[in-house]
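Welcome, and please open the model in your viewer. We will go from one selection to the next, with a short note at each stop.

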Amino acid sequence: MSDLSPLAARLAATIAASGPMPFPSFMAAALYDRQHGYYTNPNRTGRHGDFYTSVSTGPLFAILLATQFAELWESMGRPSPFHIVERGANNADFAADVLSWSLTHRPDFHAAISYSIDEPLPSAAAAQAARLAPFPGKWQHDSPSNVTGVFFANELLDAVPFRRVARRGNSWVERTVSLTPDGSFCWSDSPLLDRSTKSRLASLGDDFPDGYETEVAPAVASEVRLAAATIAHGALFFIDYGFTASDYYLPERSTGTLRCYRHHKAHENPFDAIGDTDITAHVDFSLAASAARAAGCHVAAFLDQARFLTGAAASALASLEGVRSPEASSWHRQFQSLTHPARLGRSFQVLVLTKSPDPSPFTPPLSGLRFANPRSLAALAG
Ligand SMILES: C[S@@+](CC[C@H](N)C(=O)[O-])C[C@H]1O[C@@H](n2cnc3c(N)ncnc32)[C@H](O)[C@@H]1O
(Lines give C-alpha, C1' and ligand atoms only; values in the text may rest on other atoms or scores of the structure.)
Protein backbone atom coordinates (compact mmCIF):
# COMPACT_ATOMS: atom_id res chain seq x y z
CA MET A 1 0.00 0.00 0.00
CA SER A 2 3.07 2.26 0.29
CA ASP A 3 2.89 3.77 -3.23
CA LEU A 4 -0.75 4.83 -2.94
CA SER A 5 -1.61 8.49 -3.48
CA PRO A 6 -2.77 10.36 -0.35
CA LEU A 7 -6.40 10.07 -1.54
CA ALA A 8 -6.15 6.33 -2.31
CA ALA A 9 -4.36 5.72 1.03
CA ARG A 10 -7.14 7.50 2.88
CA LEU A 11 -9.84 5.49 1.09
CA ALA A 12 -7.95 2.25 1.76
CA ALA A 13 -7.62 3.12 5.46
CA THR A 14 -11.36 3.84 5.68
CA ILE A 15 -12.19 0.49 4.07
CA ALA A 16 -9.68 -1.35 6.30
CA ALA A 17 -11.31 0.22 9.37
CA SER A 18 -14.99 0.16 8.39
CA GLY A 19 -15.44 -2.56 5.76
CA PRO A 20 -16.74 -2.40 2.18
CA MET A 21 -17.43 1.11 0.91
CA PRO A 22 -20.52 1.97 -1.16
CA PHE A 23 -19.39 2.86 -4.68
CA PRO A 24 -21.05 6.33 -4.57
CA SER A 25 -18.86 7.25 -1.57
CA PHE A 26 -15.75 6.02 -3.40
CA MET A 27 -16.69 7.90 -6.58
CA ALA A 28 -17.56 11.09 -4.69
CA ALA A 29 -14.09 11.09 -3.12
CA ALA A 30 -12.28 10.13 -6.34
CA LEU A 31 -13.93 12.92 -8.34
CA TYR A 32 -14.85 15.59 -5.82
CA ASP A 33 -12.54 15.39 -2.81
CA ARG A 34 -11.79 19.08 -2.21
CA GLN A 35 -8.04 18.56 -2.09
CA HIS A 36 -7.27 15.58 -4.34
CA GLY A 37 -10.44 14.86 -6.34
CA TYR A 38 -10.26 14.56 -10.13
CA TYR A 39 -12.36 17.70 -10.74
CA THR A 40 -10.28 19.95 -8.51
CA ASN A 41 -8.25 20.33 -11.71
CA PRO A 42 -10.44 22.21 -14.23
CA ASN A 43 -8.21 21.23 -17.19
CA ARG A 44 -9.47 17.69 -17.64
CA THR A 45 -11.35 18.17 -20.91
CA GLY A 46 -10.13 18.81 -24.46
CA ARG A 47 -7.10 17.73 -26.44
CA HIS A 48 -4.62 18.01 -23.55
CA GLY A 49 -7.00 16.47 -21.02
CA ASP A 50 -8.63 13.07 -20.76
CA PHE A 51 -11.72 13.37 -22.98
CA TYR A 52 -13.57 15.79 -25.23
CA THR A 53 -16.89 17.37 -24.36
CA SER A 54 -19.06 19.39 -26.72
CA VAL A 55 -17.86 22.50 -24.88
CA SER A 56 -14.21 21.62 -25.41
CA THR A 57 -14.59 21.22 -29.20
CA GLY A 58 -14.76 25.04 -29.51
CA PRO A 59 -17.19 27.93 -29.01
CA LEU A 60 -19.81 26.80 -31.53
CA PHE A 61 -21.70 24.59 -29.08
CA ALA A 62 -22.16 27.51 -26.65
CA ILE A 63 -23.07 29.87 -29.51
CA LEU A 64 -25.83 27.56 -30.73
CA LEU A 65 -27.15 27.10 -27.20
CA ALA A 66 -27.02 30.88 -26.69
CA THR A 67 -29.23 31.31 -29.77
CA GLN A 68 -31.74 28.97 -28.11
CA PHE A 69 -31.60 30.91 -24.86
CA ALA A 70 -32.18 34.13 -26.81
CA GLU A 71 -35.14 32.60 -28.67
CA LEU A 72 -36.62 31.49 -25.36
CA TRP A 73 -36.09 34.98 -23.94
CA GLU A 74 -37.90 36.51 -26.93
CA SER A 75 -40.77 34.02 -26.67
CA MET A 76 -41.19 34.88 -22.99
CA GLY A 77 -41.52 38.61 -23.75
CA ARG A 78 -37.87 39.62 -23.10
CA PRO A 79 -37.85 39.45 -19.28
CA SER A 80 -35.05 41.24 -17.43
CA PRO A 81 -33.17 39.94 -15.60
CA PHE A 82 -33.06 36.71 -17.54
CA HIS A 83 -31.10 34.21 -15.45
CA ILE A 84 -28.83 31.57 -16.93
CA VAL A 85 -27.91 29.08 -14.22
CA GLU A 86 -25.20 26.52 -14.97
CA ARG A 87 -24.03 23.54 -12.94
CA GLY A 88 -20.98 21.50 -13.92
CA ALA A 89 -19.37 24.58 -15.47
CA ASN A 90 -15.83 23.19 -15.08
CA ASN A 91 -13.47 25.83 -16.59
CA ALA A 92 -16.38 28.22 -17.50
CA ASP A 93 -15.63 28.06 -21.23
CA PHE A 94 -19.34 27.63 -21.96
CA ALA A 95 -20.33 30.67 -19.88
CA ALA A 96 -17.57 32.80 -21.43
CA ASP A 97 -18.66 31.83 -24.95
CA VAL A 98 -22.35 32.58 -24.22
CA LEU A 99 -21.48 35.97 -22.72
CA SER A 100 -19.07 36.94 -25.45
CA TRP A 101 -21.37 35.86 -28.33
CA SER A 102 -24.36 37.67 -26.82
CA LEU A 103 -22.32 40.83 -26.19
CA THR A 104 -21.26 40.99 -29.84
CA HIS A 105 -24.33 39.62 -31.63
CA ARG A 106 -27.28 40.20 -29.31
CA PRO A 107 -26.48 43.16 -27.03
CA ASP A 108 -30.19 43.50 -26.14
CA PHE A 109 -30.21 39.92 -24.86
CA HIS A 110 -26.80 40.33 -23.21
CA ALA A 111 -28.10 43.32 -21.25
CA ALA A 112 -30.83 41.14 -19.71
CA ILE A 113 -28.56 38.19 -18.78
CA SER A 114 -27.58 37.43 -15.21
CA TYR A 115 -25.31 34.34 -15.33
CA SER A 116 -24.99 32.15 -12.23
CA ILE A 117 -22.56 29.29 -11.77
CA ASP A 118 -23.21 26.87 -8.94
CA GLU A 119 -19.80 25.39 -8.11
CA PRO A 120 -18.97 23.45 -4.94
CA LEU A 121 -15.21 22.99 -5.62
CA PRO A 122 -13.12 26.04 -4.57
CA SER A 123 -10.33 25.37 -7.10
CA ALA A 124 -12.83 25.15 -9.99
CA ALA A 125 -14.56 28.30 -8.70
CA ALA A 126 -11.21 30.17 -8.82
CA ALA A 127 -10.58 29.03 -12.42
CA GLN A 128 -14.09 30.14 -13.40
CA ALA A 129 -13.55 33.57 -11.82
CA ALA A 130 -10.35 34.01 -13.85
CA ARG A 131 -12.03 32.91 -17.10
CA LEU A 132 -15.00 35.25 -16.57
CA ALA A 133 -12.98 38.26 -15.43
CA PRO A 134 -13.79 40.11 -18.73
CA PHE A 135 -17.49 40.12 -17.74
CA PRO A 136 -17.65 41.92 -14.37
CA GLY A 137 -21.17 42.38 -13.03
CA LYS A 138 -22.63 39.93 -15.57
CA TRP A 139 -22.08 36.74 -13.61
CA GLN A 140 -21.74 35.43 -10.07
CA HIS A 141 -21.20 32.25 -8.11
CA ASP A 142 -24.54 31.41 -6.58
CA SER A 143 -27.44 29.04 -6.62
CA PRO A 144 -30.59 31.08 -7.16
CA SER A 145 -34.06 29.65 -6.68
CA ASN A 146 -37.35 30.28 -8.47
CA VAL A 147 -35.93 32.63 -11.08
CA THR A 148 -36.99 33.44 -14.64
CA GLY A 149 -34.62 32.08 -17.27
CA VAL A 150 -32.78 28.85 -18.07
CA PHE A 151 -30.91 26.15 -16.25
CA PHE A 152 -28.15 24.51 -18.28
CA ALA A 153 -25.92 21.48 -17.66
CA ASN A 154 -23.70 19.67 -20.15
CA GLU A 155 -22.31 16.35 -18.91
CA LEU A 156 -23.33 16.93 -15.32
CA LEU A 157 -25.63 13.94 -14.86
CA ASP A 158 -23.10 11.37 -16.13
CA ALA A 159 -20.70 12.56 -13.45
CA VAL A 160 -22.91 12.12 -10.37
CA PRO A 161 -21.99 9.22 -8.07
CA PHE A 162 -23.99 6.10 -8.98
CA ARG A 163 -24.59 2.69 -7.47
CA ARG A 164 -23.29 -0.41 -9.22
CA VAL A 165 -25.51 -3.48 -8.87
CA ALA A 166 -25.25 -7.10 -9.99
CA ARG A 167 -27.69 -9.93 -10.47
CA ARG A 168 -27.00 -13.03 -8.37
CA GLY A 169 -29.55 -15.69 -9.21
CA ASN A 170 -32.94 -14.01 -8.93
CA SER A 171 -31.94 -11.05 -6.82
CA TRP A 172 -29.74 -7.97 -6.86
CA VAL A 173 -26.63 -7.24 -4.79
CA GLU A 174 -24.76 -3.98 -4.51
CA ARG A 175 -21.17 -3.88 -5.78
CA THR A 176 -19.05 -2.23 -3.13
CA VAL A 177 -15.35 -1.40 -2.82
CA SER A 178 -13.11 -3.67 -0.73
CA LEU A 179 -9.41 -4.51 -0.37
CA THR A 180 -7.59 -7.67 -1.44
CA PRO A 181 -5.25 -9.31 1.12
CA ASP A 182 -2.34 -7.37 -0.45
CA GLY A 183 -4.20 -4.07 -0.02
CA SER A 184 -5.36 -3.43 -3.60
CA PHE A 185 -8.85 -2.11 -4.28
CA CYS A 186 -11.35 -4.64 -5.58
CA TRP A 187 -15.08 -5.10 -6.07
CA SER A 188 -17.15 -7.04 -3.53
CA ASP A 189 -20.82 -7.96 -3.12
CA SER A 190 -22.89 -6.44 -0.32
CA PRO A 191 -26.62 -6.60 0.42
CA LEU A 192 -28.57 -4.00 -1.53
CA LEU A 193 -30.13 -1.71 1.07
CA ASP A 194 -30.68 1.64 -0.68
CA ARG A 195 -34.42 2.15 -1.04
CA SER A 196 -34.37 4.36 -4.15
CA THR A 197 -32.12 1.87 -5.97
CA LYS A 198 -34.30 -1.05 -4.95
CA SER A 199 -37.44 0.66 -6.14
CA ARG A 200 -35.83 1.67 -9.47
CA LEU A 201 -34.73 -1.93 -10.04
CA ALA A 202 -38.16 -3.26 -9.05
CA SER A 203 -39.73 -1.03 -11.70
CA LEU A 204 -37.51 -2.62 -14.38
CA GLY A 205 -38.91 -6.14 -14.00
CA ASP A 206 -37.05 -9.42 -13.60
CA ASP A 207 -35.74 -10.23 -17.04
CA PHE A 208 -32.03 -10.09 -16.19
CA PRO A 209 -29.55 -12.95 -16.54
CA ASP A 210 -27.38 -14.14 -13.66
CA GLY A 211 -24.20 -12.06 -13.51
CA TYR A 212 -25.78 -9.00 -15.19
CA GLU A 213 -24.21 -5.77 -13.92
CA THR A 214 -25.46 -2.25 -14.31
CA GLU A 215 -25.80 1.08 -12.53
CA VAL A 216 -28.61 2.98 -10.87
CA ALA A 217 -28.16 6.65 -10.05
CA PRO A 218 -30.70 8.04 -7.58
CA ALA A 219 -28.41 11.11 -7.47
CA VAL A 220 -29.52 11.91 -11.04
CA ALA A 221 -33.05 12.39 -9.70
CA SER A 222 -31.71 14.60 -6.87
CA GLU A 223 -29.76 16.75 -9.36
CA VAL A 224 -32.86 17.20 -11.52
CA ARG A 225 -34.94 18.16 -8.46
CA LEU A 226 -32.29 20.67 -7.43
CA ALA A 227 -32.20 22.12 -10.93
CA ALA A 228 -36.00 22.33 -11.11
CA ALA A 229 -35.99 24.41 -7.92
CA THR A 230 -33.83 27.08 -9.57
CA ILE A 231 -36.41 27.94 -12.24
CA ALA A 232 -39.92 29.31 -11.66
CA HIS A 233 -40.52 30.31 -15.28
CA GLY A 234 -38.41 29.16 -18.20
CA ALA A 235 -36.60 26.06 -19.41
CA LEU A 236 -34.00 23.54 -18.31
CA PHE A 237 -31.55 21.87 -20.70
CA PHE A 238 -29.71 18.69 -19.72
CA ILE A 239 -27.32 17.43 -22.38
CA ASP A 240 -25.52 14.14 -21.86
CA TYR A 241 -24.89 10.66 -23.17
CA GLY A 242 -27.55 8.23 -22.09
CA PHE A 243 -30.57 6.16 -22.93
CA THR A 244 -34.21 5.74 -22.13
CA ALA A 245 -34.69 3.08 -19.42
CA SER A 246 -35.78 0.44 -21.93
CA ASP A 247 -32.53 0.88 -23.88
CA TYR A 248 -30.35 1.28 -20.79
CA TYR A 249 -31.52 -1.87 -19.08
CA LEU A 250 -31.59 -4.16 -22.12
CA PRO A 251 -30.82 -7.73 -20.96
CA GLU A 252 -27.93 -7.83 -23.45
CA ARG A 253 -26.27 -4.69 -21.99
CA SER A 254 -24.89 -7.05 -19.37
CA THR A 255 -21.87 -5.08 -18.14
CA GLY A 256 -23.56 -1.71 -17.75
CA THR A 257 -22.05 1.59 -18.84
CA LEU A 258 -19.41 2.38 -16.21
CA ARG A 259 -16.44 3.95 -17.99
CA CYS A 260 -13.22 5.58 -16.89
CA TYR A 261 -11.19 8.04 -18.97
CA ARG A 262 -7.55 9.01 -18.82
CA HIS A 263 -5.43 10.55 -21.58
CA HIS A 264 -8.20 9.86 -24.12
CA LYS A 265 -8.30 6.14 -23.36
CA ALA A 266 -11.42 4.45 -22.02
CA HIS A 267 -11.34 1.55 -19.58
CA GLU A 268 -13.54 0.03 -16.89
CA ASN A 269 -11.32 0.00 -13.80
CA PRO A 270 -12.22 2.84 -11.41
CA PHE A 271 -9.43 1.74 -9.03
CA ASP A 272 -6.71 2.73 -11.49
CA ALA A 273 -5.05 6.15 -10.85
CA ILE A 274 -7.67 7.22 -8.29
CA GLY A 275 -8.12 11.00 -8.42
CA ASP A 276 -6.53 11.18 -11.87
CA THR A 277 -9.18 9.22 -13.75
CA ASP A 278 -12.67 10.27 -14.74
CA ILE A 279 -15.44 7.88 -13.69
CA THR A 280 -18.77 8.06 -15.43
CA ALA A 281 -21.91 6.19 -16.47
CA HIS A 282 -24.58 6.82 -19.07
CA VAL A 283 -27.66 8.70 -17.91
CA ASP A 284 -31.02 6.99 -17.40
CA PHE A 285 -33.08 9.76 -19.03
CA SER A 286 -36.35 8.08 -18.05
CA LEU A 287 -35.38 8.49 -14.41
CA ALA A 288 -34.39 12.12 -15.06
CA ALA A 289 -37.72 12.81 -16.80
CA SER A 290 -39.83 11.26 -14.06
CA ALA A 291 -37.92 13.22 -11.38
CA ALA A 292 -38.54 16.35 -13.47
CA ARG A 293 -42.28 15.72 -13.65
CA ALA A 294 -42.44 15.08 -9.91
CA ALA A 295 -40.65 18.42 -9.41
CA GLY A 296 -43.30 20.32 -11.38
CA CYS A 297 -41.60 20.44 -14.79
CA HIS A 298 -43.13 19.72 -18.17
CA VAL A 299 -40.99 17.39 -20.26
CA ALA A 300 -41.02 19.41 -23.49
CA ALA A 301 -38.58 17.54 -25.73
CA PHE A 302 -36.06 14.72 -25.89
CA LEU A 303 -33.91 14.45 -29.00
CA ASP A 304 -30.38 13.67 -30.00
CA GLN A 305 -27.77 16.41 -30.16
CA ALA A 306 -27.46 16.13 -33.96
CA ARG A 307 -31.13 16.96 -34.48
CA PHE A 308 -31.12 19.67 -31.83
CA LEU A 309 -28.04 21.49 -33.12
CA THR A 310 -29.03 21.07 -36.78
CA GLY A 311 -32.33 22.79 -36.02
CA ALA A 312 -30.60 25.48 -33.98
CA ALA A 313 -27.97 26.09 -36.69
CA ALA A 314 -30.24 26.12 -39.74
CA SER A 315 -30.13 29.86 -40.41
CA ALA A 316 -26.43 30.16 -39.61
CA LEU A 317 -25.68 27.19 -41.88
CA ALA A 318 -27.59 28.83 -44.71
CA SER A 319 -25.67 32.09 -44.27
CA LEU A 320 -22.34 30.24 -44.49
CA GLU A 321 -23.14 28.48 -47.73
CA GLY A 322 -20.32 29.12 -50.21
CA VAL A 323 -18.33 31.22 -47.68
CA ARG A 324 -14.60 30.38 -47.63
CA SER A 325 -12.83 31.77 -44.59
CA PRO A 326 -10.82 30.30 -41.71
CA GLU A 327 -13.75 31.06 -39.41
CA ALA A 328 -16.25 29.29 -41.68
CA SER A 329 -13.96 26.22 -41.91
CA SER A 330 -13.53 26.07 -38.15
CA TRP A 331 -17.28 26.46 -37.74
CA HIS A 332 -17.90 23.56 -40.14
CA ARG A 333 -15.32 21.38 -38.36
CA GLN A 334 -16.89 22.04 -34.97
CA PHE A 335 -20.37 21.47 -36.34
CA GLN A 336 -19.29 18.09 -37.71
CA SER A 337 -17.78 17.00 -34.40
CA LEU A 338 -20.91 18.05 -32.56
CA THR A 339 -23.41 16.42 -34.90
CA HIS A 340 -21.73 13.50 -36.70
CA PRO A 341 -23.31 10.23 -35.53
CA ALA A 342 -19.89 8.67 -34.94
CA ARG A 343 -18.70 11.64 -32.84
CA LEU A 344 -21.04 13.47 -30.44
CA GLY A 345 -24.23 13.67 -32.52
CA ARG A 346 -25.96 10.37 -31.82
CA SER A 347 -24.84 9.34 -28.33
CA PHE A 348 -25.61 12.73 -26.78
CA GLN A 349 -29.22 13.50 -25.95
CA VAL A 350 -30.93 16.78 -25.12
CA LEU A 351 -33.64 16.78 -22.47
CA VAL A 352 -35.63 20.02 -22.49
CA LEU A 353 -37.90 20.75 -19.53
CA THR A 354 -40.10 23.77 -18.98
CA LYS A 355 -41.59 25.32 -15.89
CA SER A 356 -44.17 28.01 -15.61
CA PRO A 357 -46.37 29.64 -12.97
CA ASP A 358 -49.22 28.99 -15.43
CA PRO A 359 -50.50 25.42 -14.90
CA SER A 360 -50.83 24.65 -18.63
CA PRO A 361 -47.57 23.16 -19.95
CA PHE A 362 -45.60 25.12 -22.53
CA THR A 363 -43.13 24.07 -25.20
CA PRO A 364 -41.16 27.08 -26.39
CA PRO A 365 -40.99 27.62 -30.17
CA LEU A 366 -37.24 27.04 -30.37
CA SER A 367 -35.55 26.37 -33.70
CA GLY A 368 -33.57 23.60 -31.98
CA LEU A 369 -36.79 21.68 -31.40
CA ARG A 370 -37.98 21.75 -35.02
CA PHE A 371 -36.71 18.19 -35.62
CA ALA A 372 -37.87 16.86 -32.25
CA ASN A 373 -39.76 13.63 -32.62
CA PRO A 374 -42.74 13.02 -30.30
CA ARG A 375 -41.94 9.29 -30.44
CA SER A 376 -38.61 9.82 -28.62
CA LEU A 377 -40.49 11.76 -25.98
CA ALA A 378 -42.97 8.92 -25.60
CA ALA A 379 -40.06 6.43 -25.32
CA LEU A 380 -38.95 8.15 -22.11
CA ALA A 381 -41.82 6.60 -20.18
CA GLY A 382 -40.60 3.78 -17.96
C1 LIG B 1 -17.76 15.92 -17.43
S2 LIG B 1 -17.48 17.47 -16.66
C3 LIG B 1 -18.32 18.53 -17.80
C4 LIG B 1 -17.79 19.92 -17.79
C5 LIG B 1 -18.44 20.91 -18.77
N6 LIG B 1 -19.85 21.08 -18.52
C7 LIG B 1 -18.21 20.51 -20.21
O8 LIG B 1 -19.17 20.11 -20.86
O9 LIG B 1 -17.06 20.57 -20.67
C10 LIG B 1 -18.55 17.38 -15.26
C11 LIG B 1 -18.56 18.62 -14.41
O12 LIG B 1 -19.65 18.54 -13.47
C13 LIG B 1 -19.19 19.04 -12.23
N14 LIG B 1 -20.10 18.57 -11.18
C15 LIG B 1 -20.39 17.30 -10.85
N16 LIG B 1 -21.29 17.27 -9.82
C17 LIG B 1 -21.57 18.56 -9.54
C18 LIG B 1 -22.44 19.19 -8.62
N19 LIG B 1 -23.18 18.47 -7.78
N20 LIG B 1 -22.51 20.54 -8.60
C21 LIG B 1 -21.77 21.27 -9.48
N22 LIG B 1 -20.92 20.73 -10.37
C23 LIG B 1 -20.82 19.40 -10.40
C24 LIG B 1 -17.77 18.55 -12.16
O25 LIG B 1 -17.00 19.21 -11.17
C26 LIG B 1 -17.31 18.83 -13.58
O27 LIG B 1 -16.90 20.16 -13.71
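**Stop one: a loop residue**

Select Leu-192, which counts as partly exposed because it has 19 C-beta neighbours inside 10 Å. (A residue is buried with 20 or more other C-beta atoms within 10 Å of its own, exposed with 12 or fewer, and partly exposed in between; C-beta atoms are placed from the backbone.) This is a predicted model, where local features need pLDDT of at least 70 and side-chain atom pairs count only at pLDDT 80 or more, while totals for chains, interfaces and linings use all residues. To find your way, note that residues are numbered from 1 along each chain as its sequence is written.

Leu-192 lies in the loop between β8 (185–191) and α7 (195–203). Such labels are DSSP runs numbered from the N terminus: helices are H or I with at least four residues, strands are E with at least two.

What does Leu-192 touch, leaving out residues up to four places away in sequence? Show Val-165, Trp-172, Val-173, Glu-174, Thr-197 and Lys-198. Contact here is a pair of C-beta atoms, placed from the backbone, within 7 Å. Add Ser-171 too: 21 residues separate Ser-171 from Leu-192 in sequence, and their C-alpha atoms are 9.4 Å apart.

**Stop two: a hairpin and its partner**

Ser-171 leads us to β7 (residues 171–179), which pairs with β6 in the antiparallel sense over five bridges. Strands pair if DSSP finds at least two bridges between them. In β7, Ser-171 is the bridge partner of Arg-168. Two residues sit between the strands of this β6 and β7 hairpin, and there Gly-169 takes a positive phi near 65 degrees.

Now colour β6 (residues 163–168) and β9 (residues 213–216), an antiparallel pair with four bridges. Val-165, already met as a contact of Leu-192, has Thr-214 as its bridge partner in β9.

**Stop three: an open sheet**

Next, select three strands that form an open antiparallel sheet in the order β12-β11-β13. At the edges are β12 (265–267) and β13 (278–280), each pairing on one side only. On average, neighbouring strands of this sheet are turned by 25 degrees against each other, direction ignored; axes are lines fitted to C-alpha atoms.

Zoom in on β11 (residues 259–262), which shares three antiparallel bridges with β13. Cys-260 stands opposite Ile-279 of β13.

**Last stop: around the ligand**

Which residues come nearest to the ligand? Of the 18 around the ligand, select Tyr-39, Thr-53, Val-55, Gly-88 and Asn-90. A residue is near if its C-beta atom, placed from the backbone, lies within 6 Å of the molecule.

How values were computed
Axes fitted to C-alpha atoms, helices over the stretch in contact; angles between N-to-C directions. Contact = placed C-beta atoms within 7 Å.
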